[in-house]
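Please find below some notes on the model, set out as numbered points. They go from the overall fold to single residues.

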Amino acid sequence: MSSASSTKRPIVLFGPSGTGKSTLLKRLFAEHPAEFGFSVSNTTRKPRAGEVDGKDYHFLTREQFIEAIQNKEFIEHAEFSGNMYGTTIRAVRDVADAGKTCILDIDVQGVKSVKNTDLGARFIFIAPPSEKELEHRLRKRGTDDEASILKRLQTAKAELEYGKQPGAYDVKIVNDDVDRAYKALVSFIFGESQD
Ligand SMILES: Nc1ncnc2c1ncn2[C@@H]1O[C@H](COP(=O)(O)OP(=O)(O)OP(=O)(O)O)[C@@H](O)[C@H]1O
């Protein structure tokens, strides 16, 4: 394998809401700004002042977006407040072609979808020390109301179940102590298993 894409295999992080994926990624991007990138999302929302097509988002019409869904171009897509948003396989490949490792922070449906592509991704399951601790972190984070917390905990059960399936991930990192978890993350990402 010699193409840029094959040497920059995307990294998929998944795991229940509140396990600390954003916390770990924030540190990774801060310490290695040139090496990693996020893919540019697609949306049917109108550009806001200053937003650049292809940089902030790929701005599509609803018709274009629906056509792309039908052509199976999306890894994941969803509708929020009347606008469609999604990540395409192409957008992930673009990051590798630009010489960076694409990081995807997605849900289990997205994970399954990436597995059905030839992106050659590596999968990292970020797990909480326990369901109790997960609930504690979500409450402490203070970004969600009670209904949203309960919904996240419900979804978490299914995600933890998925994580038990054989072949679900390449590595599981329990985010008990954030420094330890971060070290495990970096060691896997830069480790020998990269190619
Ligand atoms: N190892 C840790 N120990 C204690 N608290 C942690 C740890 N890692 C993260 N946290 C805290 O837990 C909360 C949830 O973390 P974070 O927002 O990074 O989760 P997430 O997995 O990205 O969630 P979401 O999928 O909802 O974006 C945050 O308040 C964060 O500061």
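**Notes on the predicted model**

1. The protein has eight helices and nine strands. This is a predicted model, and the points below should be read with that in mind.

2. On overall dimensions, the radius of gyration is 17 Å, which agrees with the value near 16 Å for a compact globule because that is what 195 residues would give. Along the principal axes, the C-alpha atoms fill a box of roughly 45 × 45 × 35 Å.

3. On packing, 27% of the 195 residues are buried. If one takes the contacts between residues at least 6 apart in sequence, 68% of them join residues at least 24 apart.

4. The UniProt record, an unreviewed entry, places the feature "domain: Guanylate kinase-like" at residues 8-190. In the model, that span is 42% helix and 21% strand, and its end C-alpha atoms lie 11 Å apart.

5. Which residues are closest to the ligand? They are S17, G20, S22, T23 and R141, out of 14 residues that surround the ligand. Two or more residues of this shell come from each of α2 (21-31), α6 (131-141) and α8 (178-189). By class, the shell holds seven polar, five charged and two nonpolar residues.

6. One sheet deserves a description. It is open, has four strands in the order β4-β3-β6-β5, and its pairing is mixed. The edge strands are β4 (58-59) and β5, each of which pairs on one side only.

7. Within this sheet, β6 (residues 83-88) pairs with β3 (residues 42-43) in the antiparallel sense, over two bridges. T43 has Y85 in β6 as its bridge partner. β6 also runs antiparallel to β5 (residues 74-80), and six bridges join these two strands. Along that pairing, E76 stands opposite T87 in β6, and F80 has N83 in β6 as its bridge partner.

8. β5 and β6 form a hairpin with two residues between them. S81 is found in the loop between these strands. Its phi is near 40 degrees, a positive value in a residue other than glycine. Is S81 buried or exposed? S81 counts as exposed, because it has 5 C-beta neighbours inside 10 Å, and the limit for exposed is 12 or fewer.

9. K72 also has a positive phi, of about 60 degrees, although K72 is not a glycine. This residue is found in the loop between α3 (62-70) and β5. K72 counts as exposed because it has 12 C-beta neighbours inside 10 Å; the cut-off for exposed is 12 or fewer.

10. L28 is placed in helix α2, one of the elements that give two or more residues to the ligand shell. Why does L28 count as buried? There are 20 other C-beta atoms within 10 Å of L28, so the residue is buried, given that the cut-off is 20 or more.

11. What does L28 contact, leaving aside its neighbours within four places in sequence? L28 is in contact with F36 and L185. The C-alpha atoms of L28 and V186 are separated by 7.8 Å, although these residues are 158 apart along the chain.

Technical notes: Residues are numbered from 1 along each chain as its sequence is written. This is a predicted model: local features need pLDDT of at least 70, side-chain atom pairs count only at pLDDT 80 or more; totals for chains, interfaces and linings use all residues. A residue is near a molecule or strand if its C-beta atom, placed from the backbone, lies within 6 Å of it. Ala, Val, Leu, Ile, Met, Phe, Trp, Tyr, Cys and Pro count as nonpolar, Asp, Glu, Lys and Arg as charged, and the others, Gly among them, as polar. The radius of gyration is taken over C-alpha atoms; the globule rule is 2.2 Å times the number of residues to the power 0.38. Two residues are in contact if their C-beta atoms, placed from the backbone, lie within 7 Å. UniProt positions are given in the numbering used here, feature names are shortened, and annotations may be inferred rather than shown by experiment. Two strands pair if DSSP finds at least two bridges between them.
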